[in-house]
Structures are given as structure tokens and as C-alpha cells.
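Student: Could you take me through one part of this model up close? I'd like to see how a single helix sits in the whole chain.

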Amino acid sequence: MRMAGRGQGSAGDLLELVRSGRAVTRGALQQVTGLSRATVGQRLDRLFRAGWLREGAGGPVDSPLGGRPSITLEFHDAHAVVLAADLDTRHARAAVLSLTGEILAEHSGTPLIEDGPDVVLGELGHWFAELLEKTGRRADEVCGIGLAVPGPVDIDTGRVVQPPIMPGWDGYDIRGRLARAFTEHTGAAPVPVLVDNDANLMAYGEQRTSYPGCSAFVLVKVSTGIGAGVVVHGSIYRGIDGGAGDIGHIRVGADALCRCGSRGCLAAVASGGAVARRLAETGVPAASGSDVRDLLAAGDPEAAALAREAGRQVGDVLATVVTLLNPGVLMIAGDLAGTPFLTGVRELLYQRALPRSTAHLDVVTSRLGERAGLVGAGALVVEHLYAPERVEERLAALGV
Ligand SMILES: [Zn+2]
């Protein structure tokens, strides 16, 4: 637990205990933090004045300290909203979400990532303004914006680093531009913007929603590119440079030219883009991962055979991933995620990985589907803004 070892009990720590459900009454908070009743009361009062906490609808529960039943406390998720967007190469999705991850309004469209960040992020600002109007929420209720992008992200700056499928975005100030676009289209003050890789955020959204008890969770997104997101003990594992999970450019020995400039990358032979190219060579009209998805949905046998073969190639790499991380859940998401691809993954995975690392492994497909990135991006913002170390500063800014 975050605060147990330090013996702290700041307002932020109390909020965290309530939000996580570990302590939801004044008595339980006293017991867990060792703080006096008066101190807990003072800190909770600030959270009440900020509108972040409220008394639960469930009524009183028995107190761990004995005596009278106590009122339960809960995170007041209606005091703000969060905006989220998920960019893919030819498609984008945006939403207004509640602080607990419920999608309140959603929009999708087809801005091309190759139109560059200025155009695409400006468009998102426009979408956000319209979505807020649809929900009836004011722009000054927005606490932050989360953005998922299909490339490697430097988490400290929110900039993408040499992204193979995002021409013109390398090193661009995404946070600054999106904050400005939000302000331009809504007239509200700028809000914090957080940017992360799409596979990371999809993994985060899926793990929190459907597998909260899974301490080692891996999601592989196979669309135009291939990437993996890893969530360990509830946190996104990014490695020291944000490079963790970038499995699309592992060399698998083939000769195909990859969009990163190298030859023989996994993404060059087994991504949605690669399958589309092979289909096009046989005369089937396909140019992208989403075209392959449509063909698979229509039961096209050639697309199914190629997807299964791609699944085998990805499964070979995943055998190493699974052996290294021993996850409880391996989720396959993206344009190719369907039965043929999954069959291919399973064939190679169970053949190549050690039995001990697959004995309790669930290989599954996405639960949230196309919304996973949005849910993850929203959660990233909320977890950042309401983290114990940030609460004090934000309460002070609110004057409580
Ligand atoms: Zn590559």
C-alpha cells in the first residue's frame, strides 16, 4: 500500500483509500492511517468542500472501531469530467467520460494521422467542444484530457519518439497543441493533457474494467502496426524510456521492408497492414488493417488464412513475452483480433512457451473493443490528477 510504510495520512492518502475501497468510513480511515478522529475529520472536510467526496448512498455500515454504525464515503464522480481521444492511422475516436470511466458521449471520424498533428489535434478540439455540448457539461468542468497515439511516447514530455506510422509527429508538442485546441474551441482555461501509447492505454482500460484482480496483464494490439501494453500490479509498465511492449519491430527473419525502415520486423509480416498488402497482391482490394477487419467479418477465406498465419508469427514472439512476464491474461485486440488470428497465436504460443508460464494463462479477445483506448486514456488522467502526491496542490488551488 502506498502510504502504509511512510505512516502518512494526507488528504490525498485518505482520498486514495476511499477511491480504492480499502477504507470507506471515518473509523476505517482512522484505523488504517493511525490518525486521530479530529485529524481525519479535518482532512475529509477539505475533500467534501472540494466536492470530491460525498456520503455514500448505501447507508451506515458497522464501524471497525465498534460503537455506532458509520456513514460510508465515496468518490463524488460527478464533480468533473474527463476528455479522451484515441488516434489510429485513419480513424479517431473521442469521448467525454465520467471520473469513474463511464462514456457519457462519443464521436468517431476519419482524420488521417498523416495530415499532421496541427490539423488532427485541432480537429479533436472541435470534437471535444461538440461532445461537451451534447452531454450538457461545461468546459470548465473538464479536469484533463487523455490521448492515445499509435507510436512510442516519451511519458515525461508527452511527445512521440520516431514513430514509424505517424509521419510528421516526431517530437511535436502534442500536449501544448491539444490544450490550445481545447481552449480555442471551448473558451475554457487550458487543462492538463496526458499522452500515452495506444496499446498501453488499451491494456490499462481493459485490465481495470474486466480484470482488476490480474496482477500481470498483457494486451497485444494488431492493427496497422503491432504493439503491446503491459499492466503490472495495476500500473502501466513502460520501461525506462517508454519502449516496453514495442514488439512490432522485433526481427523475425523475413525480408519484408517495415515502415520503420528496417527489414524483417514482425509488423512487416504479421500486422493488419502486412495482411492487407498480401491480400492486395492476390487482387483483393485491401489497403489497411480496417479493410482486413471488414473482410474477416464478411468471412473471406483468404483473409482468414492470412490472419491465422499472422497469428502464428505473432504467437511465436508472444511465447517469449509470456515466458518473460508470466501474465495471467493475454488479450488480443485490434483489427485482426478474431478467431483465425487467435487460433494462430494459440498454436505457436503453447508449442513454444514453457508449460509453467502458460498453465494459468487466459488468451482472450478485447472486452471493451474500440472503446478500450478511450477508457484507458480517461483513467490515466484521473489516476494522475487524483494521485495522493497531487491532491494537496490541487486542493490549495481550489482554495480549500
Ligand atoms: Zn519495423
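**A close look at one helix**

Tutor: Let's start with the whole chain: of its contacts with a separation of 6 or more, 64% join residues 24 or more positions apart, a contact being two C-beta atoms, placed from the backbone, within 7 Å. Keep in mind that this is a predicted model, where local features need pLDDT of at least 70, side-chain atom pairs count only at pLDDT 80 or more, and totals for chains, interfaces and linings use all residues. Numbering runs from 1 along each chain as its sequence is written. The protein chain has 14 helices and 14 strands, which are DSSP runs numbered from the N terminus (helices H or I, at least four residues; strands E, at least two).

Now zoom in on α4, residues 117–135. This helix has 19 residues and spans 27 Å from its first C-alpha to its last, close to the 27 Å expected at 1.5 Å a residue (that is, 1.5 Å times one less than its number of residues). Its buried residues are P117, V120, L121, L124, G125, W127, F128, L131 and L132; buried means 20 or more other C-beta atoms within 10 Å of a residue's own, exposed 12 or fewer, and partly exposed in between, with C-beta atoms placed from the backbone. An α-helix has 3.6 residues a turn, so residues three or four places apart point the same way. The cover over the buried residues of α4 includes the strands β3 (81–87), β4 (92–98) and β5 (103–109), plus helix α5 (174–186). Just after α4 comes G136, with a positive phi of about 75°. Zooming back out, 47% of the 400 residues in the protein chain count as buried.
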